[in-house]
Amino acid sequence: MDLKTIENIARRARYARRAFLADPPGARGRLGGWLLQRGVPVPGRIVVDPSRSWSGVPQPNPLPMEHWHEILLSAVEWLGPVPITFLSRSLELSPLVPELVRFANRLECAASIYGVDGGIDDDLALRLVDCGLSRACLVLGGVTPDLHAEVSGRSVGRTTAAVSALVRARELRRVALDVVVDFPCTPGTAKDLAAVLGWAQQAGADGFAVSPPFLAPAAPVQLDDALARRVAALEISQDPFHRTARGTVQGLRSTWEAGDGGPGGHGPTRCPVAGLRLDVRGCGRFGSCPFHRSMGRLQPGAGVAEAWAGGREHFDAVHSCARRCRHQELVPPGLAPPWSPR
């Protein structure tokens, strides 16, 4: 058996392990078993963006807190305690997030934030920590102000202040808050990789990750060999500060080479996103992949598992999609390509 075959078997074993972990004990009850028999995937985590609609535009009238409580409770009754990520994509973090973090903790779900700084100052950082936030992953597009603004729409100073505030809050409360800096590497921002890595270390962050961009550039770009080697070294580093996921080099290469502005890159393998995440937006719409039409809208009193069971059209669209998204927020760590074939 040659080395390439062994490596492929090892990668597929990691896929099988992640697929098993994505089927939590709470999903193995009567309803979970019925869903699995019907070929409906069972998500292993929940993603919430209370300030945006499914299309990504700001939501002027987000769901009330009572409805969010109902959705999360219904989901956890079905899935059991699973990680919950709150997306931060607005100038100011949604005022609902701290209370939702607190509620997630009451449900024994690890709560994290992913995205832009969201106006996190010392007061908000302390509030998030007191509510039980376990992880904050903030996006830094570059130390060059123009590059960071291009990626995140924010100033470098705001992100610096947010990271510092979270670190201070953690130290003040003496809690194990994990603060990570995520660097979406595009052809335009790649030159800042070393500088962002150094910045993250100096700012007191606990980790740093390079990630493929969500969207391909406007024109095809070849991944530079020197950059590929540098990112590959970060992937296999044993230093706990380095959080770059396995498969990032392949993700960068395929996304850059796609060059059409679409999500992710192209590939011959099946996309796994549909079976891994339950994504709910401030308008009440829900689904798994944010780049396809939602499954529908979660109405008050509707069970999440029953609503999810009606998502066959959404699942089919994802499984037949020609795009292969490898960003860490869509594909959790431990699920490296190749994915299962069609």
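The exchange below asks how some structural terms apply to this predicted model.

Tutor: In this predicted model, local features need pLDDT of at least 70 and side-chain atom pairs count only at pLDDT 80 or more, while totals for chains, interfaces and linings use all residues. Residues are numbered from 1 along each chain as its sequence is written, and side-chain values use heavy atoms, with hydrogens and water left out.

Student: Why is D182 said to have no salt bridge?

Tutor: A salt bridge needs a side-chain nitrogen of Lys or Arg within 4 Å of a carboxyl oxygen of Asp or Glu, and the nearest side chain of opposite charge, R135, is 7.8 Å away from D182, so the definition is not met. Here Lys and Arg count as positive and Asp and Glu as negative, whereas His and the chain ends are not counted. D182 is nonetheless buried, meaning under 20% relative accessible area with a 1.4 Å probe and protein chains only.

Student: What makes the approach of D182 and S211 a polar contact?

Tutor: The side chains are joined at 3.0 Å, and the term covers a pair of N or O atoms within 3.5 Å, where within protein one must be able to donate a hydrogen and the other to accept it, and residues adjacent in sequence count only if both atoms are side-chain atoms; therefore the pair qualifies.

Student: How do you know that β3 and β4 pair?

Tutor: Strands (DSSP runs of E, at least two residues, numbered from the N terminus) pair if DSSP finds at least two bridges between them, and β3 (residues 111–115) and β4 (residues 135–139) have four, in the parallel sense, so they pair. One bridge joins I113 to A136 in β4.

Student: Which strands are at the edges of the open sheet?

Tutor: The sheet has nine strands in the order β6-β5-β4-β3-β2-β1-β8-β9-β10, and β6 (207–211) and β10 (296–297) each pair on one side only. D182 lies in β5 (residues 178–184).

Technical notes: Buried means under 20% relative accessible area, exposed over 50%, partly exposed in between (1.4 Å probe, protein chains only).
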